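Trainee: Could we go through this structure together, beginning with the packing of the interior?
Mentor: Certainly; please bring it up.

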Amino acid sequence: MVNKLDELGLSDIRKIHHNISYDELFEHEKAKGEGAVTANGTFAVDTGIFTGRSPKDKYFVKQDPSQKYIAWGKINHPITEELYRKLLAKAKAQLSGKEIYIQDAYCGASKASRKSVRFVTEVAWQAHFVKNMFIRPSEAELANFAPDFVVYNACKCVNDEWQKDGLNSEVFVIFNVEENIGVIGGTWYGGEMKKGIFSMMNYWLPLEGKLSMHCSANVGKAGDTALFFGLSGTGKTTLSTDPNRALIGDDEHGWDDEGVFNFEGGCYAKCINLDPKSEPEIYGAIKRDALLENVVIRADGTVDYADASKTENTRVSYPIEHIANHEPSLKAGHPKNIIFLTADAFGVLPPVSKLTKEQAMYYFLSGYTAKVAGTERGIKEPVATFSACFGEPFMPLHPTVYARLLGEKIDKHQVNVYLVNTGWSGGAYGVGKRMSIKATRACINAILDGSIKNCEFENFAKFNLAIPKALEGVETNLLNPENTWADKAAFGEARDKLVKMFVENFRRYEDVAEGKEFAKAGPNE
């Protein structure tokens, strides 16, 4: 455990900038030429060739006892302790002899569940990113800060011997559970720090009987909490940022006996085609102390949010305080409603469906959506995918561990669960149109105010989903997707193809009794 700065294992440090202020970070970013200041005073940076996460380069050290709990496979890759030591030494050598930034932060608003994390980097904007994204301790808390976990971000160094070492590339993102250390090399993308700690929370909390979740959350004036599950680009940030409800957080949460709590102290929103009319809260949050990534800046210093020439995964991180209507405690009670968001690239799923508890477990484990262009390396257009628990890349344990905990909490707290399609209608991607935010908002509002329960429902064939026949604010024609397709035969083919994909994907869970039971709630071929 590393508790003191002199125990970081670095040598010949020129200067340590320890928990410096936003204003100081801003001056350092400018002085070092790390980016540009936009017309409204927001700092903007480019993250280099990596404008998204590099999931094939993430590793866990394979050792006892953690190797008994980690679900090894295509998501969680093992690395030997020997190779970890070599790359940690390389990272420490990179950070030595430099002027470095150390940022201390909490992950988890619940004191019973939070972790203290120390980030070490030589790049000012990465310290800024961490300050935005995690919970900022008070001065009194910083005085007695003792990290539970330390991240060495040596983004400027690469592993030249990656082929000899049997790794995927020169990039490495490694977690040592037993030593409570993370090390990053070869990628400048800030999201690696954010999602790396999320992965660790997804290891720690379930082993304590607490549910960790890839979801956003907000709370109404009556104290009714809502959770929004979904992968990047499905609308978690947009839909949970609601002027009529207080934002708890936009991406990562825990759920324990007291209720729901945010892991983070900031938001990380997609910026592509950002429109102040449809997303005024997010647009308004982009100001001094926010940090823009990979956006195109015009000659007059304004940002062209429609320009995707660098990447479609343009981003902004900002402290949650930039959202006027946020919940200051970053916590709330047990959820009343859970919403699964999916971007259906085939244009088959209805805009809103009411799920039974059994269906909720099925669709949670399926985690069907479309990866949106630019979120990961090599993704240039939406690709249909199944991601367990709507966040499989960040789940070190077997997906059924999280599903079991969710099912227990749905039962205990009598939570309503819905599936909302923010993807395509009237045809597949390239033919149909993306659901409008207005229509999706109407579906969400009906769920949150309870009016959807007054609807008359009909069965959506093959998927056996309950869908409303009419819903205020949504064109009736949209509610059953078959109605939006000009070619009904083509719709049937697309529906049957998607059904088959669901069934084939779910077979991986049928090696356990729970999986076989949940499969009964899925689509029928």
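**Cores, cysteines and a helix**

Mentor: The largest nonpolar core has 115 residues, and Ile 338, Phe 340 and Phe 463 touch the most other members. A nonpolar core is a set of buried Ala, Val, Leu, Ile, Met, Phe, Trp, Tyr and Cys residues joined through side-chain atoms within 4.5 Å. Buried means under 20% relative accessible area, with a 1.4 Å probe and protein chains only. This is a predicted model: local features need pLDDT of at least 70, side-chain atom pairs count only at pLDDT 80 or more, and totals for chains, interfaces and linings use all residues. Residues are numbered from 1 along each chain as its sequence is written, and side-chain values use heavy atoms, leaving out hydrogens and water.

Trainee: Which residues does Ile 338 touch, leaving aside those up to four places away in sequence?
Mentor: Its contacts (heavy atoms within 4.5 Å) include Leu 227, Trp 255, Ile 410 and Tyr 418. A second, separate core of 23 residues includes Leu 10, Tyr 84, Val 120 and Ile 174.

Trainee: How many disulfides does a search of the whole structure find?
Mentor: Zero, where a disulfide is a pair of cysteine sulfur atoms within 2.5 Å. For Cys 107, the nearest cysteine sulfur is that of Cys 215, 13 Å away.

Trainee: Why is Cys 389 without a bond to Cys 215?
Mentor: Because the closest cysteine sulfur to that of Cys 389, in Cys 215, is 12 Å away, too far for a bond. Cys 389 is buried, at 1% relative accessibility.

Terms used: Buried means under 20% relative accessible area, exposed over 50%, partly exposed in between (1.4 Å probe, protein chains only).
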